[in-house]
Each structure stands twice: as structure tokens, then as C-alpha cells.
Amino acid sequence: MTIFFDHQTFSLQEFGGISRYFSELINGINQRTQHSAYLSAHYTNNAYAHDLQLARRWFFPNTALPKKIPLLYRLNKALSTYDLLTQSYDLIHATYYDPYFLQFARQRPTVVTFLDMIHERFSDQFAELSADRVITSRKREVAKRASHIVAISESTKADIVDLFGTDPAKISVIYLGSSFEVSTTPLSLKTTNTTAPYLLFVGHRGYYKNFDPFLDAVAPLLKQNGLRVVCAGGGNFSKTELAHIHALGLAGLVTQQPINDQLLRQLYSDAVAFVFPSLYEGFGIPVLEAFSCDCPCLISDQSSLPEVGGDAVLYFNPNDADSIRAGVNQLLSDSTLRLKLIEKGRQRVAGFSWQRTVVETTALYEKLVQ
């Protein structure tokens, strides 16, 4: 089979879980199966695509071009449309929710991956989500018209069925993996190389990620224990975030760190714990990354996270400040618990891999193409 992957995510993201997933899937198909995956992103600034040599051309990298992403998106959409019209593929897998590709399918099976149902669940709570009036209508259309849907967790599948009324038989759950190698060093509580112990927060911090309420909850503990919070990635702190940090008296105790994969691995390895206070996740790749780096995990008990974490993490209620503080206190005071979570994390992450993602996804393709 030849599988066509369109441009969407690779036009929109330079980094991020969605493009990481599709990069690993495309690369795995080409490297480990008899099938062929074609990425129709003629221009992209996505780091994973270039790292895996899936991409062909950069689009004004490191240049602050006005409306750069919309320009890139329109260019790649036109080129993807041309590819769909002029080349032969056995199946189309869209990398986001724009339904434009459906009109060019010409009886070929079409697959779309649903990463989450965040907009549908939380647009009434967060203005940033409700401002996007397009994504839900697009998701509803591709859910109705695509041949099949891949959901990345049972939680996401249940939400699709509940919110869109989609037939469960049309949805296959295929878990994601981690791109980090699992630690093989003897189990131990590593001594941090940094000047003060820290909790690690990874990725974007806005709205449903619940960062501000998390800081409110742990502020007293940071001051009492000489503990810091390091935010990996997610961009520089905004003026609003900086004002909040100062108002809590946490200046110097909460920092932001730009990352690459090498640095992120080191941050996981040196942290007292990885914290994930999110109100909703479609899957939660950072949990697997933390497991791979022997980092104890303290995470929200919401949505898909218990599917990923299993019994290898310490859970809290992200809507309850007392629950968050109690979890952090427990991890700080119990070194035996931290070591136990590290050991269980190693066992847990063994059940997730990009190889498994590739095998299960190509098996789905083969059924659809028959």
C-alpha cells in the first residue's frame, strides 16, 4: 500500500505532540513495513519532520514573516490538493481536521485521527477555545464522512461517541508511544545537578492545562521547601503569567526553559517529579517520557491520563488545591514512594511504543483497503 498523509499538522506545528505522532508513524511505516507512506508537506518548519528526513524544504526558517503560518498552510494545501489529483494512493490519512481532502478521495478509504475533544468539552469554560468557531464543525464533518477514525485513547473514543453520536464500530483506539529510550541504569533516586530541587511542568500552560491553579496550590510548598517549578517549553512567560508569579511571591522559584529533546530528557532525569495538572488530555505523551527518564509522576486523575499512567503514578484531583498540595507533599516526604514509582514507570512504559502504534495502524489500513 501507499498511504497519503496530508500537510495540515506539518503546516501548523514546529513542535508538538500531534506532529511528533505523525512523524513517528510515517517514519515507522517506511522503515519497518512493506508499505510506503508519503507526506505531502512540500514546505515545513517542523523539527521532527526534518529530523527524520520526511520533509523536503524549509519555509523561511527563523524569519518573522507576517502571517507566516497562514501563508504556509495555503501553499501546502494547494500542493496537497495537486498531489491528490495527480498521484495514485491506496488510502488517505489526514493529519488534522480540515475536510478539504474528502472531495478528492475518489473512492479511496480515508482515515482521520482524533487527538482529543477539548474544544467540545471546554469551550464554554475558556474564551480561547470558544473563539475558534471552525474546529468543531470540521471535526463533526470528518467524523461523519471519513471511512474510519483513530482515537488515541478510550477516553477520546468515548467523547467522540458521546458528543458526535458516532458509531463506536467506526472508531479504533490506537495508543501512542514515547520517542525517548527507556533508562537502563540501576534504579536509584538521582542526585540533581541543579542548585535546587524542582518539579517539572512540560509544554503549554494555557486554559485547560491548569497551570495557574496548580501554582496557587503549591506556592506555600515552594517557599517552605526551597523547591522550584521548571516549565519546559511552552514559550516565554506572558506578562499576565509573570504578574501572577510575582503576586504569589514566587519570583525566582518558577522559571521557563526552552527545550530540545536532549535537554528535555535531562530535565526529566533531574526533576524531583513530573507534574501534569491538566483538566483534559487526549493521551499524554509526557507521562511516557517521564517514565522513560526515571522521573516520578504526579498527575491529574482526569480524562485519558489514568489509561496511560496506570498504577505507576500518584494521582490528584486537578480541581482541588488540597489534593494537589497533598500529592506534592507525599512525594517530597517519601523517597521510598518515589523509587517505587520509578520502578513501576519503567514497567508501564514497556507497554507503549511507536512500533506498536505502527503495527496496529497498518493493520487497520489493510482492513480498509481490502
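The following paragraphs describe a parallel sheet with two helices packed on it, and then the surroundings of one loop residue, N45, in a predicted model.

The sheet is open and consists of 6 strands in the order 9-8-7-10-11-12, paired in parallel fashion. Its edges are formed by strand 9 (254-257) and strand 12 (314-316), and because each of these has a single partner strand, one side of each is left without a neighbour in the sheet. On average, neighbouring strands of this sheet are turned by 25 degrees against each other when direction is ignored. Strand 12 runs parallel to strand 11 (residues 297-300), to which it is joined by 3 bridges, and L298 stands opposite L314 of strand 12.

Helix 12 (residues 285-292) packs on the sheet, where it touches strand 10 (273-276) and strand 11, and its direction makes about 175 degrees with that of strand 10. Helix 14 (residues 321-333) likewise packs on the sheet, touching strand 7 (198-202), strand 10, strand 11 and strand 12, with a direction that makes about 160 degrees with that of strand 12.

N45 is located in the loop that lies between strand 2 (36-39) and helix 3 (47-51). The relative accessibility of N45 is 8%, and this residue therefore counts as buried, the cut-off being under 20% relative accessible area. Its side chain reaches the backbone oxygen of F59 at 2.9 Å. When neighbours within four places in sequence are left aside, the residues in contact with N45 are F10, E14, H50, W58, F59, P61 and K68, so that F59 appears both in this set of contacts and as the residue whose backbone oxygen the N45 side chain reaches.

How values were computed. Residues are numbered from 1 along each chain as its sequence is written. This is a predicted model: local features need pLDDT of at least 70, side-chain atom pairs count only at pLDDT 80 or more; totals for chains, interfaces and linings use all residues. Side-chain values use heavy atoms; hydrogens and water are left out. Helices (H or I, at least four residues) and strands (E, at least two) are DSSP runs, numbered from the N terminus. Buried means under 20% relative accessible area, exposed over 50%, partly exposed in between (1.4 Å probe, protein chains only). A polar contact is a pair of N or O atoms within 3.5 Å; within protein, one must be able to donate a hydrogen and the other to accept it, and residues adjacent in sequence count only if both atoms are side-chain atoms. Contact means heavy atoms within 4.5 Å. Two strands pair if DSSP finds at least two bridges between them. Axes are lines fitted to C-alpha atoms, for helices over the stretch in contact, and angles run from 0 to 180 degrees between N-to-C directions.
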